[in-house]
Amino acid sequence: MKLTVNGEPREVDVTPDTPLLWVIRDELQLTGTKFGCGMGLCGACTVHLDGEPIRSCITPAIVAQERKITTIEGIGDPERPHPLQRAWVELNTPQCGYCQSGQLMSACALLAKNPQPSDADIDNAMSGNICRCGTYPRIRAAIHQAAAQLNQNPSQK
């Protein structure tokens, strides 16, 4: 099966019904995407498929064929972090950190569609991502900070 992950063509030998999460983690060794509930309820496994956030734990790999998959590894790196990743660090957003890659992917999709989200926009967009540590106020603040940075310098997207 041919996939495009983080802009790179990849070929994997999996059955079409293999959850995309396991293809990303086990076949492609991109372990930033986490397994949470396995039922698409917690958002820990969120990745983008053609720019839209999806739950990779319940998405069969065949659905992603011929489409663009973006994982947490694809939005930035330590040398060039995405403004959201910088804001997450600057505001000390994570607590345990387990859900944060899914949180960041949902936040990234939000800012791509809405560069100046209100608190209500953020709460709505992030409502499918559960944080057991309750870092929601810090997540909201980080999204606002990243939005401000992106609006000042749109080339950072």
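Here is a short conversation about helix packing and strand pairing in this predicted model.

Student: What makes α3 oblique to α6?

Tutor: Start with the angle: the axes of α3 (residues 83-90) and α6 (residues 136-152) cross at roughly 135° and come within 8 Å. Angles over 145 count as roughly antiparallel and 65 to 115 as roughly perpendicular, with the rest oblique. That makes α3 oblique to α6. The crossing is also right-handed.

Student: Which residues in α3 and α6 meet?

Tutor: On the α3 side they are Pro83, Leu84, Arg86, Ala87, Trp88 and Glu90, and they meet Ile139, Ala142, Ile143, Gln145, Ala146, Gln149 and Leu150 in α6. Sorted by class, this contact has nine nonpolar, two polar and two charged residues.

Student: Now the sheet, please. Why do β2 and β4 stand at the edges?

Tutor: The open sheet has five strands in the order β2-β1-β5-β3-β4, with mixed pairing. β2 (8-11) and β4 (52-55) each have a single partner strand, so one side of each is left without a neighbour in the sheet. From one strand to the next, the twist averages 40°.

Student: How do you know that β3 and β4 pair?

Tutor: Pairing needs at least two bridges between two strands. Four bridges join β3 (residues 46-49) to β4, and the two run antiparallel. Because four bridges satisfy that cut-off, β3 and β4 count as paired. One of the bridges links His48 to Pro53 in β4.

Student: Which helix lies across β3, β4 and β5?

Tutor: That is α4 (residues 100-113), which runs at about 35° to β3.

Terms used
Residues numbered from 1 in each chain as written. Predicted model: local features only at pLDDT ≥ 70, side-chain atom pairs only at ≥ 80, totals over all residues. Heavy atoms only, no water. Axes fitted to C-alpha atoms, helices over the stretch in contact; angles between N-to-C directions. Parallel < 35°, antiparallel > 145°, perpendicular 65-115°, else oblique. Left-handed = near helix turned anticlockwise from the far one by under 90°. Contact = heavy atoms within 4.5 Å. Nonpolar A, V, L, I, M, F, W, Y, C, P; charged D, E, K, R; others polar.
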